[in-house]
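User: I'm new to reading protein models and would like a close look at one part of this one. Could you take me through the start of the chain and whatever it touches?

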Amino acid sequence: MSPRMKGVMAYLLMPISSLVLLLTEKEDRRIRFHAFQGLIVGVALILVNRVFLLLIGIISGSTYNPGTSFVTALISIALGVASIVIWAALVLRAYQGTPWRLPVVGDIADQQAGGGG
């Protein structure tokens, strides 16, 4: 498999595919960068989703509130769209061979992959 396709694979089923690449790829720093970034982003998206669902459960309790339901639906849609856009951009940039270094996460991924800058 080409390095570009491995970069794409890091994001396709993140964080699972990212973890698999981290365990199998020991040499190519660029692939490891994609894998670390995919792992961090994948875990972060899962955590944000779970925390949001937990907060919704706490806020709504056992009563139905149409106002809260509308707002939570909008927030849920916004989080979903943002997640898909980030995922698609990461996959596309990896396929093009030009990694997209996300703020903060990209620096951490670069450090973990063994980069110096």
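Analyst: Here is a walk through the first two helices, followed by the parts of the chain linked to them and a few odd spots in the backbone.

Let's set the scene before zooming in. What you're looking at is a predicted model, and the mean pLDDT of the protein chain is 87, with 90% of its residues at 70 or more. Confidence is highest in H2, at 94, and lowest in helix H4 (residues 66-96), at a mean of 87. As for the overall make-up, there are five helices and zero strands, so to speak an α-α-α-α-α run from the N terminus on. Of the chain's 117 residues, 28% count as buried.

Now for the opening pair. Which numbers describe how two helices pack? Two packed helices are described by the angle between their axes and the distance between the axes. For helix H1 (residues 3-12) and helix H2 (residues 16-24), the angle is about 135° and the axes are 5 Å apart. That angle makes H1 oblique to H2. Where do they touch? On the H1 side you'll find Lys6, Met9, Ala10, Tyr11 and Leu12, and they meet Ser17, Ser18 and Leu21 of H2. Sorted by class, the contact of H1 with H2 has five nonpolar, two polar and one charged residues.

Next, look at which residues of each helix are tucked away. In H1, the buried ones are Gly7, Val8, Ala10 and Tyr11. Look down the axis of H1 and its buried residues fall within an arc of 150°, so they line one face of the helix. H2 has its own buried set, made up of Ser17, Ser18, Leu21 and Leu22. Seen down the axis of H2, these buried residues fall within an arc of 140°, so they too line one face of the helix. Turn to the other side of H2 and you meet Ile16, Leu23 and Thr24, which are exposed.

What joins the two helices? Proline 15 sits in the loop between H1 and H2, and the bond leading into that loop residue is worth a pause. Methionine 14 and proline 15 are joined by a cis peptide bond, with omega about 5°. To put that in context, most peptide bonds are trans.

Back to H1, because one of its residues reaches a later part of the chain: arginine 4, which is in helix H1, touches Ala94, Tyr95, Gln96 and Gly97 once its neighbours within four places in sequence are left aside. There's a long stretch of sequence involved here. Arginine 4 and threonine 98 are 94 residues apart along the chain, yet their C-alpha atoms are separated by 9.2 Å. Is arginine 4 buried, partly exposed or exposed? At 45% relative accessibility, arginine 4 counts as partly exposed. Links across the sequence show up in the chain's totals as well: among contacts between residues at least 6 apart in sequence, 65% join residues at least 24 apart.

Another residue that meets H1 is histidine 34, found in helix H3 (residues 29-60). Setting aside its neighbours within four places in sequence, histidine 34 is in contact with Gly7, Ala10, Tyr11, Ala94 and Pro99. You've already seen Gly7, Ala10 and Tyr11 among the buried residues of H1. Ala94 has come up before too, as one of the contacts of arginine 4. Histidine 34 itself is buried, with a relative accessible area of 4%.

Further along H3 comes asparagine 49. At 34% relative accessibility, asparagine 49 counts as partly exposed. The C-alpha atoms of asparagine 49 and serine 76 are 8.5 Å from each other, although the two residues are 27 apart along the chain.

Finally, a quick trip to the far end. Valine 104 lies in the loop between H4 and H5 and has a positive phi of about 65° although it is not a glycine. For comparison, most residues other than glycine have a negative phi. Valine 104 is exposed, with a relative accessible area of 57%. Then comes helix H5 (residues 105-113), where Val105, Gly106, Ala109, Asp110 and Ala113 are buried. These cover an arc of only 130° around the axis, which puts them on the same side of H5. Glycine 114 follows H5, and its phi is positive, near 100°.

Terms used
Residues are numbered from 1 along each chain as its sequence is written. This is a predicted model: local features need pLDDT of at least 70, side-chain atom pairs count only at pLDDT 80 or more; totals for chains, interfaces and linings use all residues. Side-chain values use heavy atoms; hydrogens and water are left out. Axes are lines fitted to C-alpha atoms, for helices over the stretch in contact, and angles run from 0 to 180 degrees between N-to-C directions. Helices (H or I, at least four residues) and strands (E, at least two) are DSSP runs, numbered from the N terminus. Angles under 35 degrees count as roughly parallel, over 145 as roughly antiparallel, 65 to 115 as roughly perpendicular and the rest as oblique. Contact means heavy atoms within 4.5 Å. Ala, Val, Leu, Ile, Met, Phe, Trp, Tyr, Cys and Pro count as nonpolar, Asp, Glu, Lys and Arg as charged, and the others, Gly among them, as polar. pLDDT is the predictor's confidence in each residue, from 0 to 100. Buried means under 20% relative accessible area, exposed over 50%, partly exposed in between (1.4 Å probe, protein chains only). The arc is that of the directions from the helix axis to the C-beta atoms.
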